[in-house]
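Hi everyone, thanks for coming. Please bring the structure up on your screens, and I'll walk you through a few parts of it.

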Amino acid sequence: MTQTDAAAPPRRTFGGSIASLRDYAIVIAFVLLLIVLTATSNHFLTWINLLNTLESGAIYGIVAVAFTVLLIVGEFDLCSGAIYVLAGIVAAELQPMLGTWPSLALGAVAGLAIGIFNGAVVAYLRINSFIATLASSLMVVGIGTKITNGFQLYIAAPDFGILGNGKVLGVDYFIWIFLAFVLASGFVLSRTKLGRWLYASGGNPEAARLSGINVRALRIGAFAFSGFAAGVAGSILISRTATAIAGDGLADVLFPAIAAVVVGGTSIQGGRGAIWRTVLGIFFLEFIRNGFNLLEVNPYYQDIIRGAIILIAVGADALSRRNQ
Amino acid sequence: MTVRDSAADAPRRAAGPLGVELRGIAKRYGGAQALDDVSVTVKAGEIHALVGENGAGKSTLGKIVAGAVLPDGGEIVLDGRPVAFRSPRDAIREGIALIHQELALVPALSVLDNVFLGVEPANSGVLDRKRQRAIFAELAARIGFKPAYSVRAETLRVAEQQKIEILRALVRNARLIVMDEPTAALTRIEADRLLDITRDLRKAGVTVIYVSHDLRDVLALADTVTVLKDGRHVKTVPAAGETVDSLVTAMLGRSMDRVFPARVPPPAGAPAVLSVRHLTRPPAIDDVSFDLHAGEIVGLAGLVGSGRTEIARAIFAADPAAGVVELAGHRLARRAPRDGIRRGLAMLPESRKDQGLVMMRTVRENVSMAHLGEVAWHGIVNAARERRRVAEVLESVDARAASHTMPVSALSGGNQQKTAIAKWLLKTPKVLLADEPTRGIDVGAKRGIYELIHRLAGQGLGVLLISSELEEILGLAHRVLVVRNGRIVAEIDGGAATEENVMRAAFGEAGAPAHGGEAA
């Protein structure tokens with residue numbers, strides 16, 4: 001690497017320091033939070049508490065991981081909340097006919113199918129993904145309402161809870177599933193050709209296309225992944241609760257997922273981000289909730305503070321961009 | 001010049017042309033110093049030309065005067081009074097307007113509405129059309145042209161739109177107009193008319209700062225010329241004492257023949273590596289056919305908008321087009337760029353920032369992007385292999401990066417361009433389509449790119465070179481194809497090509513060599 005030695009030293013600029021501040025802001029904030037919570041509560045740094053955190057974060061975490069991939073490729077999916085709910089309804093409806101595992105699998109498959117549909121609409125009709133998935137989420141909510149006629153569904157089968165409540169090595173199945181999503185997505189993004197293509201397509205679609213990358217296929221694939229993840233999460237939830245009611249899933253899954261991704265520092269403009277960031281974002285937001293509860297902070301303040309944190313995260317992203 | 005009687009942002013009511021003094025102006029863009037301690041005095045009432053190579057900083061300086069770009073340092077002094085512009089609006093308030101390279105009209109509005117946009121004369125909020133028309137007629141007459149005011153701006157030709165922009169500036173009581181490459185998109189006849197209008201502006205009491213790379217226009221028009229080089233002030237002199245040669249020497253800091261490497265002819269009987277037949281994409285490309293041989297550099301010359309870039313993009317399948325393209329005997333499918341890339345086609349696009357590089361990603365990722373298969377095994381990128389191969393190709397093009405893991409946006413323009421070339425060398429291509437390979441980079445880096453293109457041709461690549469800088473084509477190409485209105489109208493041997501015969505063909509004037517008249 002002789003030319004590296006011969007080259008000029010890197011220039012330190014204001015924009016550069018803001019960008020690196022943003023790059024590691026989540027790590028610093030996370031470590032500070034960890035220190036504060038460990039110091040103020042004896043219950044915080046325990047295996048049980050860690051498992052509880054994962055238990056409440058893993059389901060929307062699965063959606064958040066896929067959402068990260070989608071943001072990196074430069075798209076947005078407002079539909080995944082609706083898919084999450086519909087997958088549960090599909091599984092609940094099919095359980096009496098097909099049995100537990102096939103019905104739960106088909107819930108996930110339904111999510112995959114809607115994801116492919118969303119991707120095709122965005123990629124071929126070139127509709128802004130925000131608008132396209134807003135429209136398709138209405139359709140998906142409507143399908144769910146039609147299937148259930150607006151009633152709440154109950155699944156009586158005793159084995160139906162297996163996916164949501166079963167454990168191996170003392171850890172819930174769905175936490176393992178979440179970890180599988182994290183590891184697989186993290187590996188693909190950071191180590192494979194596919195990952196490079198995703199970053200390039202999100203960072204500059206035209207340059208990616210002129211480099212021979214099939215940007216359209218990547219977009220469809222990312223939407224398919226997002227739909228599939230929402231379907232898996234929805235099947236897990238229905239298995240845990242054994243009840244389903246039509247809805248858009250925004251507050252349950254989509255908003256927490258987006259919040260975790262954004263707080264982690266993945267850019268809403270595409271081309272930048274990482275799965276580890278989203279994992280940190282999930283833990284960060286969960287720890288805050290966890291810490292508030294341990295410290296008995298009024299729940300109203302909790303929401304205000306969480307909202308402010310998201311604003312700060314997005315603001316830092318915008319600021320670093322302006323200074324480039 | 002009383003156009004408006006009352007408005008919050010009415011320009012200062014001062015008559016006569018405006019002079020401006022620039023003191024120690026500095027501007028950085030990322031890693032590149034666009035302007036470094038530039039001091040120039042523009043006298044009231046003169047036409048003052050700013051010239052320099054691409055990337056010399058002439059456009060940036062013009063935009064700083066007009067408030068469109070904020071300087072990092074230095075002072076702007078108007079009539080002995082320092083001013084600090086935060087936006088073009090501030091400059092307009094002082095009577096300074098900018099006519100952009102890219103025009104900024106609202107396409108769906110009428111000519112009249114565009115001219116008065118934002119400064120509409122009105123009575124209690126109701127438009128005073130009659131007054132608008134009267135002012136319009138008076139100003140149009142003063143500078144000697146009379147466009148129809150009721151047609152929508154989008155229906156006008158670029159030259160007409162430019163006149164609307166000038167009227168727009170006058171309506172705002174502009175006493176100094178900055179024109180940024182105003183003739184770049186015009187035909188010769190339109191350009192000559194614009195020069196006349198510019199002289200009329202001077203007569204009407206407007207100072208003009210005229211930014212252009214066309215030295216003949218500058219010498220015919222300007223009272224004073226300022227030469228910039230690599231962001232620094234070289235000289236400010238009366239135009240009357242200058243020639244094209246003296247300006248070029250000042251711009252380059254050396255005479256022309258030392259900028260270009262010695263031309264090495266391609267081996268006789270080299271096979272065609274690229275055959276283009278009946279390439280057609282209405283309205284930009286009209287039945288284009290030509291061959292490019294191994295080791296040959298073919299220049300595609302022509303005016304901006306003649307279809308040069310479109311031809312390269314169509315060959316590369318960046319845009320769909322009818323016709324046949326063969327690469328080393330293989331007919332390309334041309335559904336998408338990857339079909340050609342797989343066969344050894346590479347394109348350096350016109351804009352490295354918008355089309356060539358992913359600016360936010362690292363230098364290394366950008367270099368390996370197009371040929372990841374070279375450094376990956378079953379879809380998994382081999383990090384060590386990637387590091388080594390990327391370092392090799394970057395070294396081979398002499399690209400300097402402090403680190404290969406820094407974002408490519410942090411590199412200078414020249415190093416960005418070398419990075420954009422390097423990415424095609426990870427797997428040696430057969431044909432390189434290079435569209436404006438030296439746009440926006442300094443002269444030293446240009447020389448590096450020229451040598452690189454030469455070396456690649458020497459290794460047997462066919463290079464199709466597109467450039468708006470004719471001397472680049474004349475200095476590098478073994479053969480020149482001249483494009484006009486989407487057609488190849490002349491083919492001139494590199495040795496016989498001169499600025500004169502290429503430009504004649506490009507403008508479609510009599511005396512141009514016939515198509516196919518001289519083969520390489």
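Let's begin with helix H17 of chain B, residues 499-507, which lies across three strands, E15, E23 and E24. Its direction makes an angle of about 25° with E23(B), the strand at residues 479-484. Keep in mind as we go that this is a predicted model.

Those three strands under discussion belong to a bigger picture, so to speak, in chain B. There we find an open sheet of six strands, and reading across it the order is E18-E21-E22-E15-E23-E24, with mixed pairing. Why is one side of E18 and of E24 left without a neighbour in the sheet? Strand E18 (345-348) and strand E24 (487-493) of chain B stand at the edges, and each has a single partner strand, so one side stays free of a neighbour in the sheet. From one strand to the next, the twist averages 20°.

Further in, strand E15 (residues 297-302) of chain B runs parallel to strand E22 (residues 462-466) of chain B, and four bridges join the two. If you want a spot to click on, B:Val298 has B:Leu464 of E22(B) opposite it.

Now please move to strand E9 of chain B, residues 176-180. Is this strand mostly covered or mostly open? Mostly covered: five of its five residues are buried. In a regular strand, side chains alternate between the two faces of the sheet. Here B:Leu176, B:Val178 and B:Asp180 point one way, while B:Ile177 and B:Met179 point the other way.

E9(B) has parallel partners, too. Strand E6 of chain B, residues 96-99, is joined to E9(B) by four bridges, and B:Leu98 has B:Val178 as its bridge partner. Strand E10 of chain B, residues 207-211, pairs with E9(B) over five bridges, with B:Val208 opposite B:Ile177.

What about the other chain? In chain B, 33 residues are in contact with 30 residues of chain A. Helices H10, H11 and H13 and strand E20 of chain B each supply at least two residues of that side. By type, the residues on this side of chain B are 21 nonpolar, six polar and six charged. For the complex, the predictor gives an ipTM of 0.81 and a pTM of 0.73.

Finally, a word on confidence. Chain B averages a pLDDT of 84, and 91% of its residues score at least 70. The pLDDT is below 50 over residues 510-520 of chain B, and it stays under 50 over residues 1-13 of chain B. Where pLDDT is low, the predicted coordinates should not be read in detail. Thanks for listening!

Conventions:
Residues numbered from 1 in each chain as written. Chains lettered and ligands numbered in written order. Predicted model: local features only at pLDDT ≥ 70, side-chain atom pairs only at ≥ 80, totals over all residues. Buried ≥ 20, exposed ≤ 12 C-beta atoms within 10 Å, placed from the backbone. Pairing = 2+ DSSP bridges. pLDDT = per-residue confidence, 0-100. Contact = placed C-beta atoms within 7 Å. Nonpolar A, V, L, I, M, F, W, Y, C, P; charged D, E, K, R; others polar. Axes fitted to C-alpha atoms, helices over the stretch in contact; angles between N-to-C directions.
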